[in-house]
Amino acid sequence: MEKIPDVVTVSDARVGLSRMLADLEHEGATAQPVLIGAHRRPQGVLLSVAAFERLSGRAARQAAVDSATGSLAAEGLTVTDAAGRDTEAYVSGQLSADDLVARAVARHSTVTATARRAG
């Protein structure tokens with residue numbers, strides 16, 4: 001069972017913030033969270049960016065986008081600017097996977113319909 005970290009007081013956090021941030025950055029996803037609070041009662045948490053991204057799902061979304069982009073590159077295809085903006089919104093959590101797919105299908109359907117009319 002994982003030990004719950006001690007709570008750092010606000011004043012101690014203020015004094016040691018630079019060191020805590022350096023430790024979080026150095027340890028990355030394996031860094032223990034730093035609980036901060038008044039009277040040793042937890043009120044907030046400092047996490048490494050890697051741990052935050054893992055918890056928020058951002059890392060998994062980025063991995064999915066990287067895999068899809070790699071597949072496109074293997075086929076000799078590139079991502080359009082519009083698709084790139086959509087995938088950035090997806091990775092940041094502003095767009096759901098379903099919305100990302102719907103936009104891609106709509107964009108592809110529009111291109112296909114335009115190509116049929118021109119051909």
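The following paragraphs lead through a predicted model of a single chain, from its overall architecture to selected side-chain interactions.

The chain contains five helices and three strands. Read from the N terminus, these elements follow the order β-α-β-β-α-α-α-α. The chain has 119 residues, and buried residues make up 21% of them. Its accessible surface comes to about 8700 Å², and carbon and sulfur atoms contribute 58% of that area. Among the contacts with a separation of 6 or more, 48% are between residues 24 or more positions apart.

The strands provide a starting point for the fold. They form an open sheet of three strands in the order β1-β2-β3, and the pairing is mixed. The edge positions are taken by β1 (7–8) and β3 (44–46), each of which pairs on one side only. Strand β2, spanning residues 34–36, runs parallel to β1, and two bridges join these strands. Within this pairing, V7 stands opposite L35 of β2. Helix α1, residues 10–27, packs on the sheet and touches β1, β2 and β3. The direction of helix α1 makes an angle of about 160 degrees with that of β2.

Two loop residues show how side chains engage the backbone beside these elements. T9 is situated in the loop between β1 and α1. With a relative accessibility of 16%, T9 counts as buried, because the threshold for that class is under 20%. A polar atom of the T9 side chain lies 3.1 Å from the backbone nitrogen of D12. Beyond its neighbours within four places in sequence, T9 is in contact with I36, G37 and R40.

S48 belongs to the loop between β3 and α2 (49–56). Its relative accessibility is 4%, so S48 also counts as buried. The side chain of S48 reaches the backbone nitrogen of A51 at 3.0 Å. If residues up to four places away in sequence are set aside, S48 touches L24, G28, A29 and A31.

Helix α1 also contains L21. This residue is partly exposed, with a relative accessible area of 43%. L21 and L46 are 25 residues apart in sequence, while their C-alpha atoms are 8.3 Å apart in space.

The charged side chains form a further layer of description. Side chains of opposite charge can pair when their charged atoms come close. In this structure there are four salt bridges. One of them connects D23 with R19, with 3.5 Å between the closest N and O atoms. Both residues lie in helix α1; because D23 and R19 are four residues apart there, about one helical turn separates them. D23 is partly exposed, with a relative accessible area of 34%, whereas R19 is exposed at 52%.

Another salt bridge joins R58 to E53, the closest N and O atoms being 3.6 Å apart. R58 counts as partly exposed at 31% relative accessibility, and E53 is likewise partly exposed at 27%.

Which parts of the chain are linked by the salt bridge between R107 and D86? The side chains of R107 and D86 meet at an N to O distance of 3.0 Å. The pair links distant parts of the chain, since R107 is in helix α5 (residues 97–118) and D86 is in helix α4 (residues 81–91), with their positions 21 residues apart in sequence. R107 is partly exposed, with a relative accessibility of 27%, whereas D86 counts as buried at 7%. Salt bridges with shared partners join D86, R103 and R107 into one network.

In outline, the path through this model runs from an open sheet of three strands, through helix α1 packed on that sheet, to a salt-bridge network that includes D86 and R107.

Definitions and conventions. Residues numbered from 1 in each chain as written. Predicted model: local features only at pLDDT ≥ 70, side-chain atom pairs only at ≥ 80, totals over all residues. Heavy atoms only, no water. Buried < 20%, exposed > 50% of the residue type's maximum accessible area, 1.4 Å probe, protein only. Contact = heavy atoms within 4.5 Å. Areas by Shrake-Rupley, 256 points an atom, 1.4 Å probe, with all protein chains shown as cover. Pairing = 2+ DSSP bridges. Axes fitted to C-alpha atoms, helices over the stretch in contact; angles between N-to-C directions. Polar contact = N/O pair within 3.5 Å; in protein donor to acceptor, adjacent residues only side chain to side chain.
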